[in-house]
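User: Hi, I'm new to this one. Can you walk me through it?
Analyst: Sure, let's look at it together.

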2 protein chains.
Amino acid sequence: MVIEAAFEELLEQGADGVTMLKIARRAGASKETLYSWFGNRDGLFSAMIRSNADATAERVASALDGDDDPRDTLSTFATGLLRLLTDQRSLALNRAAMTNSVLAAELLASGRHRVGPIVESYLAATSASGVLAVVDPATAFETFYGLVIRDTQIRVLLGEQPPSPKALRARGETGTDQFLALCERGLA
Amino acid sequence: MVIEAAFEELLEQGADGVTMLKIARRAGASKETLYSWFGNRDGLFSAMIRSNADATAERVASALDGDDDPRDTLSTFATGLLRLLTDQRSLALNRAAMTNSVLAAELLASGRHRVGPIVESYLAATSASGVLAVVDPATAFETFYGLVIRDTQIRVLLGEQPPSPKALRARGETGTDQFLALCERGLA
DNA sequence: TCATATCCGTACTCTTCAGTACGTTTACTC
DNA sequence: GAGTAAACGTACTGAAGAGTACGGATATGA
């Protein structure tokens, strides 16, 4: 599949090293086919962003789906979010979008602005049921995000090694504990 | 000055739109002069990164310098950090470095890894004097960073409008309050 | 078997830009 | 004002890649 080949090229060569010819060769397709399917280079990148975003939104929604203890749900979700944002594909797409305003807007729309509301409605519902007290779901999610992600994403975007799975889990749990502590004091 | 001209080009054209010729013209210099001063394109970008980092480190150190109430010091510092990370020059440099591993490493070294220790030693000293209780200065700084910056930097990197100065200040204060609350409970 | 649509491979155009070469000009020093 | 070094401007080379053109292959279905 072409999108798969494009991701492989992207991971190996970086955003600047990706060429339509290399992708075509790896996919066993011709350049002309790529152009007829995706229009141009940006179109192909758009398709990659959408493909990644679809997989993401689905996972986020299902992580917040059960009715376990909010601490467990949030902590699992936190770990998943960290894993997602330090995943090589996401990183490469973020790097590529960073220097292209159209792609950047698409990435924001299909990523942050699609995931945000899902989490916010979870926080609102949980808060309404009295288990958890958040002042405002939107700012609460930002606080949660900050406590979990910290400077991790920007550092790996700039080339640092991503934290180990174990470290990710620890971070997810600590961040969740900190978030719940702030909730208890009415500071989230 | 050449570096100034380069920054202007970078802000107007974006990282990909910057060419040595345009910079030379804007600076009233010749391409050959640029090459003799900076070696090559990356050398010029390195110089820009260093120039920006020097200004930054100085401001950070002086913000943490006085012996005011830690809440005031931290809150002022927080606002400054937010302003710094959403500043157009920093953003443009981050975007440019994101697709160039050498520049990325330089940006990390002269930015995050230079500012971090300064803040950590402030936290350690303040903690030692009993005014504030942090478990570990390094993770405490990460927590503080997360509470202040949240997803602001990545969003503006992807093209969103930076928050207003007023919003930045509010964020700096709220983030500081949250951080101090976590300190009190031994969670930072 | 024929018709049609899709796709492959190759080759071509066009543009852009990094980096270099070089002759001329400015400016400073003695 | 002669000598020297730095810097200007213009022109050139070379490489790379986006996008296009087209003839030939392959498949599908009537």
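User: Start with chain A. At what angle do helix H6 and helix H7 cross?
Analyst: This is a predicted model, to begin with. In chain A, the axes of helix H6 (residues 88–98) and helix H7 (residues 101–110) cross at roughly 135°. They come within 7 Å. H6(A) and H7(A) are therefore oblique to each other.

User: Which residues meet there, H6(A) to H7(A)?
Analyst: H6(A) brings Leu93(A), Asn94(A) and Ala97(A). H7(A) brings Leu103(A), Ala104(A) and Leu107(A). By class, that contact has five nonpolar residues, one polar and no charged ones.

User: Over to chain B. How far apart are the axes of helix H1 and helix H4?
Analyst: The axes of helix H1 (residues 2–13) and helix H4 (residues 41–63) of chain B are 10 Å apart. The two helices pack at an angle of about 95°. That angle makes H1(B) roughly perpendicular to H4(B), because 65 to 115 degrees counts as such.

User: And what meets what, between H1(B) and H4(B)?
Analyst: From H1(B) come Val2(B), Ile3(B), Ala6(B), Phe7(B) and Leu10(B). On the H4(B) side are Leu44(B), Phe45(B), Ala47(B), Met48(B), Ser51(B) and Asn52(B). The tally by class is nine nonpolar, two polar and no charged residues.

User: New topic. What rotation superposes chain A on chain B?
Analyst: A rotation of 180°, with 0.0 Å of shift along its axis. The RMSD is 0.0 Å. The two copies are thus related as by a two-fold rotation axis.

User: Which C-alpha of chain A is nearest the axis?
Analyst: That of Gly146(A), 2.1 Å from the axis.

User: Why do you say the copies meet through the same surface?
Analyst: Because 100% of the interface residues of chain A are also interface residues in chain B.

User: Now the DNA. How many residues surround strand D?
Analyst: DNA strand D is surrounded by 14 residues. The closest are Lys31(A), Glu32(A), Tyr35(A), Ser30(B) and Thr33(B). Of the strand D atoms within 4 Å of the protein, sugar and phosphate make up 50%.

User: Which side chains come up to its phosphate oxygens?
Analyst: Thr33(B) is one of them: a polar side-chain atom lies 2.3 Å from a phosphate oxygen of strand D. For Trp37(B), a side-chain N or O atom is 3.3 Å from one. For Tyr35(A), that distance is 3.4 Å.

User: Which elements give two or more residues to that surface?
Analyst: Helix H3 (31–38) of chain A together with helix H3 (31–38) of chain B.

User: And the mix of classes near strand D, what is it?
Analyst: Five nonpolar, five polar and four charged residues.

How values were computed. Residues are numbered from 1 along each chain as its sequence is written. Chains are lettered from A and ligands numbered from 1 in the order in which they are written. This is a predicted model: local features need pLDDT of at least 70, side-chain atom pairs count only at pLDDT 80 or more; totals for chains, interfaces and linings use all residues. Side-chain values use heavy atoms; hydrogens and water are left out. Copies are superposed by least squares on the C-alpha atoms of residues with pLDDT of at least 70 in both. Contact means heavy atoms within 4.5 Å. A residue is near a molecule or strand if one of its heavy atoms lies within 4 Å of it. A polar contact is a pair of N or O atoms within 3.5 Å; within protein, one must be able to donate a hydrogen and the other to accept it, and residues adjacent in sequence count only if both atoms are side-chain atoms. Helices (H or I, at least four residues) and strands (E, at least two) are DSSP runs, numbered from the N terminus. Ala, Val, Leu, Ile, Met, Phe, Trp, Tyr, Cys and Pro count as nonpolar, Asp, Glu, Lys and Arg as charged, and the others, Gly among them, as polar. Axes are lines fitted to C-alpha atoms, for helices over the stretch in contact, and angles run from 0 to 180 degrees between N-to-C directions. Angles under 35 degrees count as roughly parallel, over 145 as roughly antiparallel, 65 to 115 as roughly perpendicular and the rest as oblique.
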